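Please take a look at the structure below, and keep the sequence at hand. The paragraphs that follow walk through parts of it.

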Amino acid sequence: MMRLPGMPMLPGAQFYDRGKRRHPRQQTLMHYQGIQMLSDRREPELVEPNGIVADPKCPPVPAQLNSLWAPKATTKLPPWLAYDKQVLCFNAYFKENLTEIYHAPYQVRKVKIFFYLEDGTMQVTEPKVENSGIPQGCLVHRQRIPKAPPTDREFISIFDLNVDTDVQIFDRVYHISGCDVFTRQFLNRAGIFVPEAQQEPCDPTTEIRKRSGLKQTGNTATSALPKKHAFAQFLEFDRRVLKFQGYWNDRSEFGDVRKLEVCYYLADDTIDIKEKFPRNSGREGPTTFLKRGKLPKEFSGLPLPGQQTAMTLLNVLGNSMRDVRYVADPLNTGQKEVQHYTDQDLQIGAVLNVFGRSVVLTSCDQFTQSYYREKYGIQEFSPQPIPERSDIRPYTQGGMGSRRLPPYNGWGSHEDSEGNCITVEPKPPQADFKKLFKYDGCILRFGAKLISAIRDNGERDFVISYFLADDTLQIYETSRRNSGFLGGEFLKRARVPLPGQDMYSSSRPEYYRANDFYIGRTMTLKDHIFHIVSADEFTLMYMEQHPSEFPVADIQKIMQKIREAVRPDYKQFVLRCKPDGDLGDYTAVSFETLRSTLLSYLSKDCLLNHEIVTVCRFFSAEQAMPPSCDRNRVRAAAQLELKRALWNGMDQLNDHLSHINPACKPYISEGQVRSTLRGCRLPFSLELVEDILMVLQRNGQNEIEVRDFLAFFNMRNDQVPDIAPLNIAFELCPKLPFLHKGRLVDFTWFLDYLGIEEELKRANN
């Protein structure tokens, strides 16, 4: 459709081009000078119709103004991109007429005019002034503002805004008095001269308000105390509360020590008191002990009806009820002044008379301490103890509240009996789950003999198992042929109390702990006397790894004890252990020789059998045999795992080795081999990886041969016979524990650890 120039867009003034065959859809997006933008059928104008050319560094000016700088050949950007987040700010004011104030015909209202360069919009805001009495904030929302008539078809631009000029915005004239630094620099760079900032006129209403305030306050030098505003205390101390902890000792027949929380509100000098109910106290409902209000210092009882009135009557005139006249006393001469508690009366240790109940303050919070420290200079805030009833035990952390309980009757455990006495609905005792998860499966096993007057009982063998997860004991008897005893479970798993305690009392008994068991200990378990004669390897290792819990396995304390006993007769001690006196680089003595020699210097009470075992194990001269692994068997197990996982990554394995070994060294470290096995994701367990590393060929620096490593997994060229599936962790390379540690003692190491010989040498020199 085509339109005749100069003709209105009406029917008959338009015609269609019948020869046009292509009607492409117009493009809505365009790429112009490296910027993606919308296309509105024509090239977007790079300048605003009433604005300036967009140049963020040095914008040129229109032709009607003389530029101060030569134009720069820069890339012109659209204004919405060049002037993004750039705003011109002007300080202005306008005078508003007043008709209700005689001495102030107008008031000056100061505003800020913002001009947004990206789209030519403006916004007028008035900063808020406290107690001004007028609505302030945004006066004109952001928009393009037209000029005053007769040019109301044009919009206000930056050429209409300058210092010491008037601008009309919607029938209100603003006088611009100044601008910020960015606005001044921007206009100067555009060639617009900006005058200096002008002083804004004073507001008559503000001056009147200041003069009236001075009159109300008066001269502090001539007048007495200044008049205090009714709401001054509320505005200053609103939401500020002094909090104290206290108690009321109720000495009635069924009384108790009530723990209270006293709150003093600084805003209006009121007090409220709330009670804190202890657990399982039997009390419920609201905790309000005293409703919020002013608390009088003196209390002589509740007043009678009509005893307290708002005014005082001097006399009554008249005889009958009809002609009665009352004469009121305006001065309230006979009324008694009531004094109330203030913040000066509250301090730790003070006793408050709460309508006949004595409330003692014991402590306060941090805000209360800082308040009294700043206002009154008090520095001591030590809390005072709260008395307890003699028949009630204090609350203990980590369990239910302790109180006077009946004695144990023998049914169930002590914990179950306490639960039945404390709560109506008893709950099972809660176990220590952290301890259960930490020590699950940790069992200390000791070999023991039964001490009895019967000879056959003395020959029986027992195994005492102590479970660290819940501190329980279990005793098994090992069966022997033709002994007359079947063997099996001798004592069920349970906690065993220490002997010599009153079991039928209200207090919980003490039970056996892990550190009560060691070699050489004689103990009573359920009226049977056992003597511990041995312990398994795990038990000995666990005790040696936790010397703080087991003093009998602390090598430092044991050696210090031996050092003090042997120092006076050191040479004789060495000769008794080694009669020939031959102390070479390596000298070993037997366990029995060292044990007998140590017991000759220390008694059995000072040096226990378990301590001797700890010393011999620490200085043991025996070494465990290296684990034996068959190379072909380990290789067959590795290839079996590769076949199961359908692994075919030999080329990837070669590439990985070439990457970590670019110099093609014949040997690589064990860490590189481990990273290769993990990087190529070979389907091996940790136990199988350790066995493979054990059988690979190494050099003198303990490095693994690369050729042997690749040949170990090559199933194409060299394949070993298959083996039956087996437990790799236990059956492939059996790792038997070393159970004979400590039978032979390295005597040279033992003497070096003692250090007595070095002391003697330094003393002689």
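R674 is partly exposed, because its relative accessible area is 24%, and buried would mean under 20%. This residue belongs to a predicted model, as does everything described below. R674 forms a salt bridge with E690, and the closest N and O atoms of the two are 3.0 Å apart. The two partners come from separate elements: R674 sits in helix α16 and E690 in helix α17, with their positions 16 residues apart in the sequence. E690 is also partly exposed, with a relative accessible area of 36%.

What is joined with R674 and E690 into one network? Salt bridges that share partners bring together E670, R674, E690 and R698. Within this group, the side chains of E670 and R698 meet in a salt bridge with an N to O distance of 3.4 Å. E670 lies in helix α16 (residues 670–679), while R698 is in the loop between α17 (686–695) and β27 (704–705), so this pair ties together parts that are 28 residues apart in sequence. The relative accessible area is 25% for E670, which is partly exposed. R698, at 29%, is partly exposed too.

As background, side chains of opposite charge can pair when their charged atoms come close. A search of the whole structure finds 30 salt bridges. One of them is between the side chains of R617 and E537, at 3.1 Å from N to O. This pair links distant parts of the chain: R617 is in helix α13 (residues 609–618), E537 is in helix α9 (residues 537–545), and they are 80 residues apart. Are these two residues buried or exposed? R617 has a relative accessibility of 5% and therefore counts as buried. E537, with a relative accessible area of 18%, is buried as well, because the limit for buried is under 20%.

Now turn to a sheet. Six strands form an open sheet in the order β14-β13-β12-β11-β18-β17, and the pairing is antiparallel. Which strands stand at the edges? They are β14 (288–293) and β17 (351–354); each has a single partner strand, so one side of each is left without a neighbour in the sheet. Direction ignored, neighbouring strands of this sheet are turned by 30° against each other on average.

Inside the order given above, β11 is followed by β18. Strand β11 covers residues 241–249 and strand β18 covers residues 357–364, and the two pair in the antiparallel sense over five bridges. To find one of the paired positions, start at G246: its bridge partner in β18 is L361. A helix also belongs to this part of the picture. Helix α5 (residues 366–375) lies across β11 and β18, and it runs at about 110° to β11.

Finally, consider the chain as a whole. It has 21 helices and 28 strands. How many of its residues count as buried? The share is 33% of the 765 residues. Contacts can also be sorted by separation along the sequence: among those between residues at least 6 apart, 57% join residues at least 24 apart. The accessible surface of the chain comes to about 51100 Å², and carbon and sulfur atoms account for 52% of this area.

Methods
Residues are numbered from 1 along each chain as its sequence is written. This is a predicted model: local features need pLDDT of at least 70, side-chain atom pairs count only at pLDDT 80 or more; totals for chains, interfaces and linings use all residues. Side-chain values use heavy atoms; hydrogens and water are left out. Two strands pair if DSSP finds at least two bridges between them. Helices (H or I, at least four residues) and strands (E, at least two) are DSSP runs, numbered from the N terminus. Axes are lines fitted to C-alpha atoms, for helices over the stretch in contact, and angles run from 0 to 180 degrees between N-to-C directions. Contact means heavy atoms within 4.5 Å. A salt bridge is a side-chain nitrogen of Lys or Arg within 4 Å of a carboxyl oxygen of Asp or Glu. Buried means under 20% relative accessible area, exposed over 50%, partly exposed in between (1.4 Å probe, protein chains only). Accessible areas come from the Shrake-Rupley method with a 1.4 Å probe; for residues, only the protein chains shown count as cover.
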